[in-house]
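Please open the structure in your viewer and keep the selection tool at hand. The stops below go from the whole chain to single helices and then to one residue.

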Amino acid sequence: MSDTSAATETSTKERSGKLGGSESRIFSRGKLIETANGLSLEEINATVSIPKASHSFWKSLIAFSGPGALVAVGYMDPGNWITSIGGGAQYGYLLMSVILLSSLIAMLLQYMCAKLGIVAGLDLAQTTRLHTGRKTGIVLWITTELAVMATDIAEVIGGAIALNLLFGIPLAVGVVLTVFDVLLLLLLMQVGFRRIEAIVVTLILVIMAVFVYEVWLAQPNVGAVFAGFIPNSQIFGNGQLTMALGIVGATVMPHNLYLHSSIVQTRNYDRKDDREVSNALRFATWDSNIQLTAAFVVNCLLLVLGAAMFFGHGDGLDTFTSLYNALGDSRLAGPVASGALSTLFAVALLASGQNSTITGTLTGQIVMEGFIRMRIPMWLRRVVTRVISIIPVLVCTFAFGGTESALDNLLIYSQVFLCIALPISMVPLVWFTSSKKIMGRKYANPLWMSILAWIVVAVLSGLNVWLIVQDIQQLIAFLRPLPL
């Protein structure tokens, strides 16, 4: 046994001993609230069979593929759509390099998440709680729950708007209907985690197919698209820089760091065999990078769509409805405009929201179990989170007469909690994965990776402070005209 495996096993045994024995949890069957001191998402931990390391590369890759898709969903959620399409409509292909940089940062952070879960056998919330304490764990749990709810607000708004565009359902009614996606989640939990992964991958492919088709119709300038991947000093113009920072800030989501460190543990490999641990990390990295590449392609397609169809005459395309209408307006989208393009856009928006629903619920369970060691049924967790999330959306909907622009503004302001939670998630992630005591000599981040990761943390933290200031200024301007 290697020093890494030995250290991991010892750490797990010590933790189990402190928290209640080898079963490592106190389970009260039939109760809504239970104490969770064991494995991350214990009901699905190590439930997916994988072939032995001697099998072919492709069989192993297929077996390990799935967790990366659930993570990639967060990089193409409704909150990213406006910034990417708006960036293309305003500045053409200039910001393609920003999407590329954001995706590379995502790959680095998600690799470290996968490594923490596979090597240490703990998710990020569990590891943080283990090295801090109960009071700190409660504070971190509250902060992270607010971030999860902020993400949920984006899903509620995206789903409600999609239902309005597709079926004419009033926004307030659509917001309430999003509560019932708990029925979808309950159904999915009955069919097994592997099938959940397959459904998520299918929805991602639907989203990608929609935008590939729409971009193909738009006939973009291919040379200009590839030239956009080369960084240009024009990015540092006032408007361009603001949009670029918005794209970066909307890309890396804190909940993905907790989610990935947990769901990579769903594969059933021998945690005590260093060869199998290395193999699991290798294929988890392949899975993550492939799926994040798919998210990168989707975000590029969004920006290319905005640039090819609306550059030079796309002012005011800052809401989902305005984009929906523009795709059917020949004066804006040109001769390819049609109702079918608009409908496909709304279908992709609905698919994106449902994908995020699944990952948001799993993340909420992970941080609750990890930070405060409490577990509730997943259906109850989904209902409570969604009901709390729709309250500000309903208030905003009724207060402003059901206008979508008010909901889009709320979506922007909800990102403040994501800005606060991201550094809180990134700092311990880099710290833990750089520690030889936690990861062992073999798996601890090499010096160059640690330096690069800390630079990323510093840059993204600074960016998020800047975004908080911008959001607060916009909120003050938004509320000022309101009667007291």
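With the whole protein selected, colour the residues by burial: of the 484 residues in this predicted model, 57% are buried. The accessible surface comes to about 19900 Å², and carbon and sulfur atoms hold 67% of that area. Switching to a cartoon view shows 21 helices and two strands. Among the contacts with a separation of 6 or more, 82% are between residues 24 or more positions apart.

Before going further, colour the model by confidence. The mean pLDDT is 80, and 81% of the residues reach 70 or more. Now select residues 1-30, where the pLDDT is below 50; this stretch nevertheless has 44 contacts in the model beyond its near neighbours in sequence, and these should be read with that low confidence in mind.

Next, select helix α13, residues 254-263, and show its side chains. How many of its ten residues are buried? Ten of the ten are, so the helix is largely enclosed by the rest of the structure. Among these buried residues are the two histidines, His255 and His260, together with Asn256, Ser261 and Ser262, while Leu257, Tyr258, Leu259 and Ile263 are also on the list, as is Pro254.

Helix α15, residues 320-327, makes a useful second selection, since here six of the eight residues are buried and the helix is mostly covered. To find the six, pick Phe320, Ser322, Leu323 and Tyr324, and then add Ala326 and Leu327.

For a pair of helices, select α2 (residues 57-64) and α14 (residues 274-310) together, and look at where their axes come within 9 Å. The axes cross at roughly 70°, which makes α2 roughly perpendicular to α14. On the α2 side, the residues to display are Phe57, Ser60, Leu61 and Phe64; they meet Asn279, Ala280, Arg282, Phe283, Trp286, Asp287 and Ile290 in α14. Sorted by class, this contact has seven nonpolar, two polar and two charged residues.

The last stop is Thr136, which lies in helix α7, residues 134-167. Is Thr136 buried or partly exposed? Its relative accessible area is 38%, so Thr136 is partly exposed. Finally, add Ile372 to the selection and draw a distance between the two C-alpha atoms: Thr136 and Ile372 are 236 residues apart along the chain, and their C-alpha atoms are separated by 9.6 Å.

Note on methods
Residues are numbered from 1 along each chain as its sequence is written. Side-chain values use heavy atoms; hydrogens and water are left out. Helices (H or I, at least four residues) and strands (E, at least two) are DSSP runs, numbered from the N terminus. Buried means under 20% relative accessible area, exposed over 50%, partly exposed in between (1.4 Å probe, protein chains only). Contact means heavy atoms within 4.5 Å. Accessible areas come from the Shrake-Rupley method with a 1.4 Å probe; for residues, only the protein chains shown count as cover. Axes are lines fitted to C-alpha atoms, for helices over the stretch in contact, and angles run from 0 to 180 degrees between N-to-C directions. Angles under 35 degrees count as roughly parallel, over 145 as roughly antiparallel, 65 to 115 as roughly perpendicular and the rest as oblique. Ala, Val, Leu, Ile, Met, Phe, Trp, Tyr, Cys and Pro count as nonpolar, Asp, Glu, Lys and Arg as charged, and the others, Gly among them, as polar. pLDDT is the predictor's confidence in each residue, from 0 to 100.
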